[in-house]
2 protein chains.
Amino acid sequence: MKKPDAAGGDISLGECLYRRVLELLESKWTVLVLHALDGGRQRYRQIEARIQDITQKMLTQTLRRMERDGLIRRIVHPTVPPAVEYELTDLGRSLMPHIRGFRTWAAEHFAEVVAARAEYDRKYGQRDAAE
Amino acid sequence: MKKPDAAGGDISLGECLYRRVLELLESKWTVLVLHALDGGRQRYRQIEARIQDITQKMLTQTLRRMERDGLIRRIVHPTVPPAVEYELTDLGRSLMPHIRGFRTWAAEHFAEVVAARAEYDRKYGQRDAAE
DNA sequence: CGGTATCCGTTTTGATACTG
DNA sequence: CAGTATCAAAACGGATACCG
């Protein structure tokens with residue numbers, strides 16, 4: 001019986017279960033798709049256009065996984081040619097505040113991250129060759 | 001000149017820069033290490049013990065990257081045997097509210113994600129063999 | 001339009017053994 | 001204790017071609 005937020009820092013709900021949820025965000029494109037859909041329902045090509053250099057394969061794969069995870073919904077209009085729209089589910093929307101929060105953090109602290117990297121490289125260099 | 005939060009959902013600060021920041025969290029173990037250090041300064045073995053099935057290689061690699069990104073600080077005590085401690089920097093601490101927020105979301109919505117996956121698999125099965 | 005299928009190189013991760 | 005080094009396996013990502 002552990003307390004959820006003991007100073008010790010228990011990760012709660014079991015590291016294993018949490019890991020399963022972390023997987024939601026681990027694929028390279030998921031967060032970008034979430035932002036794209038944050039503006040409302042979008043068609044496949046719209047999402048593709050919005051996320052500059054994503055390939056069809058990765059976009060489809062990401063959308064499928066997000067649909068499976070219950071974050072987005074896929075709406076097929078049986079027209080010719082076919083039109084497919086995607087939108088956030090309630091579950092997906094409930095996640096957005098955190099995603100937006102992270103984006104805000106990124107905008108505010110990006111420069112610090114870059115500076116830290118430069119500083120680290122200056123101190124330790126990428127010396128792996130001789131000497 | 002785009003507005004940062006137009007309804008359109010511009011990802012702001014440039015998708016490219018944002019992508020660079022997203023990389024911070026993309027490695028499998030980073031978030032778990034952040035939680036581990038959220039409880040305060042920890043020694044290498046303590047972190048390792050806390051994150052069940054991480055290997056030494058991955059832990060060291062993750063810690064190095066996080067140090068380079070300025071999220072954590074490495075403190076070496078020149079004793080024999082050596083003792084090394086890690087702690088969050090100010091930058092790392094500034095990120096924690098979002099990480100904690102996500103964990104809270106995970107705890108609250110994990111069941112829904114699992115249910116969504118089960119539902120999806122029931123509907124579409126993992127049928128890739130014949131028929 | 002909105003995908004699938006296939007091939008293939010790159011990156012990430014893991015197992016294991018060894019060290020100052 | 002806190003790592004490194006090495007090798008191999010697996011996941012990821014991209015290019016390309018084709019389909020309903």
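Of the 131 residues of chain A in this predicted model, 44% count as buried, a term that denotes a relative accessible area under 20%, with exposed standing for over 50% and partly exposed for values in between (1.4 Å probe, protein chains only). The accessible surface of chain A comes to about 7,300 Å², and carbon and sulfur atoms hold 53% of that area; accessible areas were obtained by the Shrake-Rupley method with a 1.4 Å probe, and for residues only the protein chains shown count as cover. Residues are numbered from 1 along each chain as its sequence is written, chains are lettered from A and ligands numbered from 1 in the order in which they are written, and side-chain values rest on heavy atoms, with hydrogens and water left out. Because the model is predicted, local features need pLDDT of at least 70 and side-chain atom pairs count only at pLDDT 80 or more, whereas totals for chains, interfaces and linings use all residues.

The secondary structure of chain A consists of five helices and three strands, arranged along the sequence in the pattern α-α-β-α-α-β-β-α; helices (H or I, at least four residues) and strands (E, at least two) are DSSP runs, numbered from the N terminus. Among the contacts in chain A with a separation of 6 or more, 44% are made by residues 24 or more positions apart, where contact means heavy atoms within 4.5 Å. Helix α2 of chain A (residues 30–38) is largely enclosed by the rest of the structure, because eight of its nine residues are buried. The buried residues of α2(A) are A:Thr30, A:Val31, A:Leu32, A:Val33, A:Leu34, A:His35, A:Ala36 and A:Leu37, and just after this helix A:Gly40 adopts a positive phi of about 120 degrees.

A cis peptide bond, with omega of about 0 degrees, joins A:Val80 to A:Pro81, and A:Pro81 lies in the loop between β2 (72–77) and β3 of chain A. In chain B a cis peptide bond likewise links B:Val80 and B:Pro81, with omega of about 0 degrees, and B:Pro81 is placed in the loop between β2 (72–77) and β3 of chain B.

In chain B, B:Thr62 belongs to helix α4 (residues 56–68) and is buried, with a relative accessible area of 0%. The side chain of B:Thr62 reaches the backbone oxygen of B:Met58 at 2.7 Å, and, when residues up to four places away in sequence are not counted, B:Thr62 touches B:Ser27, B:Trp29, B:Thr30 and B:Val33. By contrast, A:Cys16 is exposed at a relative accessible area of 56%, and B:Cys16 is exposed at 59%. With a disulfide taken as a pair of cysteine sulfur atoms within 2.5 Å, the count over all chains is zero.

DNA strand C is surrounded by 19 residues, of which A:Arg45, A:Gln56, A:Arg74, A:Tyr86 and B:Lys57 come nearest; a residue is near a strand if one of its heavy atoms lies within 4 Å of it. Of the strand C atoms within 4 Å of the protein, 59% belong to sugar or phosphate and the rest to bases. Phosphate oxygens of DNA strand C lie 3.0 Å from a polar side-chain atom of A:Arg43, 3.2 Å from a backbone N or O atom of A:Val84, and 2.7 Å from an N or O atom in the side chain of A:Tyr86, a polar contact being a pair of N or O atoms within 3.5 Å; within protein, one must be able to donate a hydrogen and the other to accept it, and residues adjacent in sequence count only if both atoms are side-chain atoms. Two or more residues of the surface near DNA strand C come from each of α3 (44–50), α4 and β3 (83–88) of chain A and α4 of chain B, and α4(A) supplies the largest share, four residues.

Around DNA strand D there are 19 residues, the closest being A:Lys57, B:Arg45, B:Gln56, B:Arg74 and B:Tyr86. A base nitrogen of DNA strand D is 2.4 Å from an N or O atom in the side chain of B:Gln56, while phosphate oxygens of this strand lie 2.6 Å from a polar side-chain atom of B:Arg74 and 3.4 Å from an N or O atom in the side chain of A:Lys28. The surface near DNA strand D receives the most from α4(B), with four residues.
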